[in-house]
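I opened this notebook to record what I looked up in one model. The entries are kept in the order in which I consulted each topic.

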Amino acid sequence: MNHPDLDCPEAMRLNLEIFLKAPDAIVWIDEGGVILQANEAACHRLGYSNAELATRSILELDADGLHKRGRTVHELYLRDDRRPHETQFVTKTGEWISVEVNAAHIQFEEQDRICLFMRDLSACRRSESEHRQSEERLRAIGNALPDLVFVIDEEGRHLEVLTTH
């Protein structure tokens, strides 16, 4: 699909700036998984320079190891349902980070390219874990009390009743 308004040099520079400065990690790969280009967020979060990433395959960074099960880049990232999927990537320091991956298949100059949009879910996963631990702690406190505990909202409605024995 051609967009005449985007063919001008200003639009091309703007698109490059959007790619480079996007808050989420964006990585261009070829159909074999070789990383062609990464934006600043991808470099920062994965801990590699753009030059270092350009020597790697996205399959080396995919901690879930799905590629080891004989799946291709297309099978991993270009799903028919076009929904994002969650996976984990390994950073340069060996840290595992949870990411949500969306992918777009693009043919550019008669070459297949895949653009991966990766949203870091690590903070979200930490928050979920802390919330679970807090709930478990409160439940343990409630179960240790010898009486009934009522949880009410601001209007005095009972939301929960905990019996301890």
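The entries below go from the chain as a whole to single residues.

**Entry 1. Model and confidence**

I noted at the outset that this is a predicted model. I looked up the confidence and found a mean pLDDT of 82 for the chain, with 85% of its residues at 70 or more. I then asked which helix has the highest confidence and which element the lowest. Helix α2 (residues 40–46) is highest at a mean of 94, and helix α5 (residues 73–77) is lowest at 73.

**Entry 2. Secondary structure and overall figures**

I listed the elements of the chain and obtained six helices and seven strands. Read from the N terminus, their order is α-β-β-α-α-α-α-β-β-β-α-β-β. I looked up burial next: of the 165 residues in the chain, 30% are buried. The exposed area of the chain is about 11,300 Å², and 53% of it comes from carbon and sulfur atoms. For contacts between residues at least 6 apart in sequence, I recorded that 34% join residues at least 24 apart.

**Entry 3. Pairing of strand β1**

I asked which strands pair with β1 (residues 25–30), and began with β5. Strand β5 (residues 111–120) pairs with β1 in the antiparallel sense, over six bridges. Within this pairing I located W28, which stands opposite C115 in β5.

I then turned to β2 (residues 35–38), which is also antiparallel to β1 and is joined to β1 by three bridges. Here I noted I29, whose bridge partner in β2 is I35. The two strands β1 and β2 form a hairpin with four residues between them. In the turn I found G33 with a positive phi of about 100°.

**Entry 4. Positive phi outside glycine**

I recalled the background first: most residues other than glycine have a negative phi. I then looked up the loop between β4 (96–108) and β5, where E109 is found. Phi of E109 is positive, near 50°. E110 is found in the loop between β4 and β5 as well, and its phi is also positive, near 65°.

I asked whether E109 is buried or exposed. E109 has a relative accessible area of 65% and is therefore exposed. For E110 I recorded 77% relative accessibility, so E110 counts as exposed too.

**Entry 5. Salt bridges around R45**

A search of the whole structure gave me eight salt bridges. I looked first at E95 and R45, which form a salt bridge with the closest N and O atoms 3.4 Å apart. This pair links distant parts of the chain: E95 lies in the loop between β3 (85–90) and β4, R45 lies in helix α2, and they are 50 residues apart.

I next examined R45 with D120, whose side chains meet in a salt bridge at 2.4 Å, N to O. This pair also links distant parts of the chain, with R45 in helix α2 and D120 in strand β5, 75 residues apart.

I then looked up accessibility for the three residues. E95 counts as partly exposed because its relative accessibility is 35%. R45, with a relative accessible area of 26%, is partly exposed. D120 counts as partly exposed at 32%. I closed this search by noting that salt bridges with shared partners join R45, E95 and D120 into one network.

**Entry 6. A further salt bridge**

I also recorded the pair R157 and E155, a salt bridge whose closest N and O atoms are 3.0 Å apart. The relative accessibility of E155 is 63%, so E155 counts as exposed.

**Entry 7. A nonpolar surface patch**

I asked which residues make the nonpolar surface patch of about 380 Å². They are L148, F150, I152 and V161. I located L148 in the loop between α6 (122–144) and β6 (149–152). L148 has a relative accessible area of 48%. Buried residues fall under 20% and exposed ones over 50%, so L148 is partly exposed.

Technical notes. Residues are numbered from 1 along each chain as its sequence is written. This is a predicted model: local features need pLDDT of at least 70, side-chain atom pairs count only at pLDDT 80 or more; totals for chains, interfaces and linings use all residues. Side-chain values use heavy atoms; hydrogens and water are left out. Buried means under 20% relative accessible area, exposed over 50%, partly exposed in between (1.4 Å probe, protein chains only). Contact means heavy atoms within 4.5 Å. Accessible areas come from the Shrake-Rupley method with a 1.4 Å probe; for residues, only the protein chains shown count as cover. Two strands pair if DSSP finds at least two bridges between them. pLDDT is the predictor's confidence in each residue, from 0 to 100. Patches are made of residues with over 30% relative accessible area and no salt bridge: like charges are joined within 9 Å, nonpolar side chains (Val, Leu, Ile, Met, Phe, Trp, Tyr) within 5 Å. A salt bridge is a side-chain nitrogen of Lys or Arg within 4 Å of a carboxyl oxygen of Asp or Glu.
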